[in-house]
Amino acid sequence: MGTYLATSYTIRDRLLQLWNDTQEYYKKEKVKQVCYISIEFLMGRFLQNAIINLNLEENYKKALAGMGYALEEIYEEELDPALGNGGLGRLAACFLDTLATHNYPAWGYGLRYNYGLFKQSIGTDGEQLEKTDIWLDKPYPFMVENHFIRIPIGFCGTVEDYVDPNTKETKEESNRSIWKPSEYVIAQANDILIPGYGTDNTNTLRLWSARAVEELDFEKFSFGDFKGASEQRLNAENLTNVLYPNDNEAEGKELRFKQQYFLVAATLYDIIRRLKEQKRPLEELPDFSAIQLNDTHPTLAIPELMRILVDQEMIEWDKAWEITQKTFSYTNHTILPEALERWPVKLITKLLPRHMQIIEMINWKFLEKNSQVGQNNKSKELRSKLSIIENSWDTLVRMAWLGCIGSHKVNGVSPIHSNIIKDQLFSHFSSIWPKKFVNVTNGVTPRRWLHACNPKLSDLITSTLESDDWIYDLSHLSKLREFADNEDFQLKWAAIKQYNKKKLQRFVKEQFGLDIGVHDVIYDVQIKRIHEYKRQLMNILSHVYNYLQIKKMTEEEKKQLEKKVVIIAGKAAPGYKAAKMIIKLINRVSKVINNDPEIGDLLKVIYIPNYSVTIAELLIPATDVSEHISTPGTEASGTSNMKFVLNGAITLGTYDGANLEIIENIGEENVFTFGIKASEVSQVKQNNIEKGAWNLMPKSLQGVLGIIEEGKFGDPEEFRMILQELKGVDRYILGNDFTSYLQAQKVINETWKNPEKWWKMSIIGCAGSGWASSDRTIKDYAETIWDIKPCPLPKIESNSQLNIIKNDQKLKLNKNYEKKINYYEKQIVLHQKNKRFRRVYNILDDWEK
Ligand SMILES: *Cc1c(COP(=O)(O)O)cnc(C)c1O
């Protein structure tokens, strides 16, 4: 741990220098910046990424080797800050890498939760166990608390009429009021510096943490009420304690709402502070910063900006509204009804009374303009469709509506998803503003998701293309296509897959004591959050079916079979009963299959606990087939499908999300597709409701459910909820897709028998994935939504601090190579000797005992 920390601090030192230079330069150039507000950032490990981006891997390897350490082992000591749930948070992290790499002036804004997403383990009954992730208990060297940035954030209180100081009059039509909060919490900035690949530009991820206004209430303290005094502090700090563990589901907790406001209020304060630093008026905000709202969680930024402009800056309502709309844009991430956030008016009124008034005013003005008030049913219906405020079981604010109305652009994250939001979810808005709705397909950073996680494949690509330009322009991968049939290239390609599979094999052996094969075994992987719409249940049920088939086979028939290792990983939200049942079922099935001597190594099912970015980096390069089998129309995009195809895994997928982009870019003959199209889903659902899903289900699936009900995998009562859903309505239409899913698996097994064909498909997949780079995604955002341009730091040779780094990058040409290595060794030793760190190491050494 000591060496890891020392190494990390030397990297942080360099980043701090580069960061200072970058921020000064942005200020000097007065460039337009983008601020990406997201309630989650799922960053993964930092050190390797930073060392690679700074082009220092060779140097550090050598320097550490000189001291008897292997750099790879040092990487392994780092923990993953789990400040996100899944795809949405990881997308934000990929975007930060791209923004820095391509020199965009950019800020990420999020929350520094004290506890990350829970740590998952599997109990003896196969059930998910959850443990708190107290990640800040150990030092995290890449985050620096910025003591200069502390912002008071108000809550509750009252709203008073604004009185003109000159005329002493209150003017109704000014729409101005004064909010007097009754509580304050301090937002403390914690900065993570974001290096780009092959550039000096270093951006900021600013994460807010909550602290009490006064560390201790001294009045209480002096009366001896120590408990009361520290209570206030605890209450304040509770605010950023936990990340809510739901993915694609809204949780209506008051504390979550407070987190959302805390995030946007601190962020807007920070952005406006920087604008004012440049002595520019607030009218220029849209030219100073584009603000992207990652899903609806930060949409309170819209009424908050209105409050600042109208109440504090005395800007007239209509002008303020124009500024607001021009500044914000909103990304929709899901159309699942349970994920669309709606907050009770009562709750908002209590916590943010002034904001509720502003939301009502925004709504009123919008409705006035866009729907005639009439008494007939049609105009009433239109009004209730358009209204931000919904009257159902309660009076609720629809956050997605607020996001649409308050932004100049609204985007979906894949073509199919963008069409659904335009034509269905927001059809009433898209007819008012046809140009507001656009598509920006998600992407992933090729630095982490190919170059760093699959170094052997990265080297092969670079040597084949005779250039590493593909690392920042992924469209160059298309040139690999001409090697798809090349025998020598195919062999190397396949050998790298074997190498990566061996690494995973060792991991499985160490973790679970389980032996899995590598040669002639298909690694079939589905890793993502556990959710009914993602249909992990269909996956495991199909392998129960396959298991039953194998049991019926003769030894001769078994010899014809392809061997398969099925790997599933993913966390379920602790309150999501059906998802937790699915995890339990997977583990029960795994136990039966893996321990059945009649099955041998023909089929293994492995559940890998505690899925994370780091686990993904291990699994993805080792995968032959990756499963993206959501019900059509439910997965907005998916991003792991892109990571896999980039690493030569062949997609087994439905016609959903970005799978459709994969199909379009590499040809359907290179993807294993199955199931119905999104347009057919509603008819199937209707049939299920009318006739009962059980009656429409294929015999194969009925048989599987029968075996579960017989108790083959333990007491069937434990799975009753998911079985009843399948037999009743089957909302995610597993029954309907089951037969064609099994058929697709057959095609996979047949294709596997033909290695030339298999590796050709695999290579073509990678070659046709240039579009999947988040570099392409960010270029789309920059040009069509944000209107921002790159601002690369000039290479000033006289700048002494920058020179150190430049010289390092030219190291291969540098005669003083050994001297440089010495320099790194000295830096690391220096950090190790530092007394303050020494104390930390002692504590850490104790932990490790
Ligand atoms: C990419 C990624 C995701 C998103 O996966 P999907 O299959 O697109 O849902 C979730 N979690 C982690 C750790 C990831 O790296």
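Student: Where is the place of Arg535?

Tutor: This is a predicted model, in which local features need pLDDT of at least 70 and side-chain atom pairs count only at pLDDT 80 or more, while totals for chains, interfaces and linings use all residues. Residues are numbered from 1 along each chain as its sequence is written, and side-chain values use heavy atoms, with hydrogens and water left out. Helices (H or I, at least four residues) and strands (E, at least two) are DSSP runs numbered from the N terminus, and in those terms Arg535 is found in the loop between S17 and helix H21 (536-551).

Student: Is Arg535 buried or exposed?

Tutor: Buried means under 20% relative accessible area, exposed over 50%, and partly exposed in between, with a 1.4 Å probe and protein chains only. Because Arg535 has 1% relative accessibility, the residue counts as buried.

Student: Which side chain makes a polar contact with the side chain of Arg535?

Tutor: A polar contact is a pair of N or O atoms within 3.5 Å; within protein, one must be able to donate a hydrogen and the other to accept it, and residues adjacent in sequence count only if both atoms are side-chain atoms. A polar atom of the Arg535 side chain lies 2.9 Å from the backbone oxygen of Tyr732. The side-chain partner, at 2.9 Å, is Asp737.

Student: In what order do the six strands of the open sheet stand?

Tutor: Two strands pair if DSSP finds at least two bridges between them, and the pairing in this open sheet is parallel. Strand S17 (residues 521-527), for instance, is joined to strand S20 (residues 625-628) by two bridges, with Val525 opposite Ser626. The order of the six strands is S19-S18-S17-S20-S21-S22.

Student: What angle does the direction of H32 make with that of S21?

Tutor: Axes are lines fitted to C-alpha atoms, for helices over the stretch in contact, and angles run from 0 to 180 degrees between N-to-C directions. H32 packs on the sheet and touches S20, strand S21 (650-653) and S22, where contact means heavy atoms within 4.5 Å. The angle with S21 is about 85°.

Student: At what angle do the axes of helix H31 (residues 734-752) and helix H32 (residues 755-767) cross?

Tutor: The two axes come within 7 Å. Angles of 65 to 115 degrees count as roughly perpendicular, under 35 as roughly parallel, over 145 as roughly antiparallel and the rest as oblique. H31 is therefore roughly perpendicular to H32, the crossing angle being roughly 110°.
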